[in-house]
Amino acid sequence: MANDSKVKQHIPKELRYSMRDFNLEFPNDSACLQYIADQKYPEGRAQCAKCKQVRKHHRVGNRTAYACDYCGSQIYPLVGTIFEKSTTPLKTWFYAMYLIGSTRCGISAKQVQRETGVTYKTAWRMFKQIRSLLSEGDLQLEGPTVEVDETYVGGVRKYGVGRPMRGDKKKTAVVGIVQRRGMAIAKVVSDATAKRLLGVVRKHVTPGSTVYTDEFPSYNTLAKGRRYIHRRIRHAAGIYVKGDIHTNSVEGLWSLIKRGIGGVYHHVDPEYLQHYLDEYCFRYNRRHSGNQQFKAILLRASRQVS
Ligand SMILES: [Zn+2]
């Protein structure tokens, strides 16, 4: 595995956000609500529907409402967020996000159930919704070294290992794109044909980039129209690393994902696989930011408008 795909265990002090930090910043539901309101209404100011202009707003008693200082018209910071219709306390939600943002390999709904006292079903549902915030769908990868590879996740193999054969119908194809020492993205595809794989590459890799793949035939036309410079590694010949022609970074991402899904989630429904991939890429892309990942998740959750 390439060095850059390893996640450091030691977190530098300035990137550490401990359980104690968490409890100091978010002692109760009220502090959590105020944090979300602060993201949505900078300096307490928001558009008032009645006054038709930006006004200062203040919290209304113990409710999740804020009222216009001038006319009293109310707004609700949780509208359009994953918290809107939930009866689970905000602090429990924040704690679940803290756990997701603090782990290296993923965390199970069982663990959240144990640590917060919500039911397994509730914990599982919270996870699903938090994970839905972690997509990096618009990410553009570029540069002199972008690695592309495909793999298969989930299902039950009938024969051996490697690319699937007849009878392995439940395996889901996934294409991964990794900038060496940079960002990563992984997408579920309906099959591993050139059409699907190159479709994802064209969407997420900036033209002019140098793309490294193995000899899988679906990549044959990658350099067509001189859109990309294409370098290939001959895995079949047993040559894994020839100078800088390798796909070690994307293979590092696969091992991270497969270790996590195998070890933590055990079984992933293909329907939810994309969300899990998003979670792993989100984590991978912030692997140098310690457990400040929590704050990145929190910002997405606070600003989300459905
Ligand atoms: Zn008003």
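Buried residues account for 33% of the 306 residues in the protein chain. The model is predicted. The chain holds nine helices and nine strands. Among contacts between residues at least 6 apart in sequence, 59% link residues at least 24 apart.

**Two helices with a buried face**

Helix α6 spans residues 194-204. Its buried residues are Leu-197, Leu-198, Val-200, Val-201 and His-204. These residues cover an arc of only 155° around the axis, so they sit on the same side of α6. Lys-195 and Arg-202 are exposed on the other side of α6. What do the buried residues of α6 pack against? Their partners are the strands β5 (146-153), β6, β7 and β8 (210-213).

Helix α9 covers residues 293-303. Here Gln-293, Phe-294, Ile-297 and Leu-298 are buried. Viewed down the axis of α9, the buried residues fall within an arc of 135°, which means that they line one face of the helix.

The table sets out the two helices.

| Helix | Residues | Buried residues | Arc of buried residues |
|---|---|---|---|
| α6 | 194-204 | Leu-197, Leu-198, Val-200, Val-201, His-204 | 155° |
| α9 | 293-303 | Gln-293, Phe-294, Ile-297, Leu-298 | 135° |

**The β6 and β7 hairpin**

Two of the strands that α6 packs against, β6 and β7, also pair with each other. Strand β6 runs over residues 172-179 and strand β7 over residues 184-189. Their pairing is antiparallel, with six bridges. One of the bridge partnerships joins Ala-173 to Val-189 in β7. Four residues lie between the strands of this hairpin. Which residue takes a positive phi in the hairpin of β6 and β7? Arg-181 does, with a value near 60°. In a regular strand, side chains alternate between the two faces of the sheet.

**The α3 and α4 crossing**

Helix α3 (residues 90-102) and helix α4 (residues 109-116) form a crossing pair. Their axes come within 11 Å. The crossing angle is roughly 135°. The two helices are therefore oblique to each other. The crossing of α3 and α4 is right-handed. Which residues of α3 and α4 meet? From α3 come Thr-92, Tyr-95, Ala-96 and Leu-99. From α4 come Gln-111, Val-112 and Thr-116.

Key
Residues numbered from 1 in each chain as written. Predicted model: local features only at pLDDT ≥ 70, side-chain atom pairs only at ≥ 80, totals over all residues. Buried ≥ 20, exposed ≤ 12 C-beta atoms within 10 Å, placed from the backbone. Arc of directions from axis to C-beta. Pairing = 2+ DSSP bridges. Contact = placed C-beta atoms within 7 Å. Axes fitted to C-alpha atoms, helices over the stretch in contact; angles between N-to-C directions. Parallel < 35°, antiparallel > 145°, perpendicular 65-115°, else oblique. Left-handed = near helix turned anticlockwise from the far one by under 90°.
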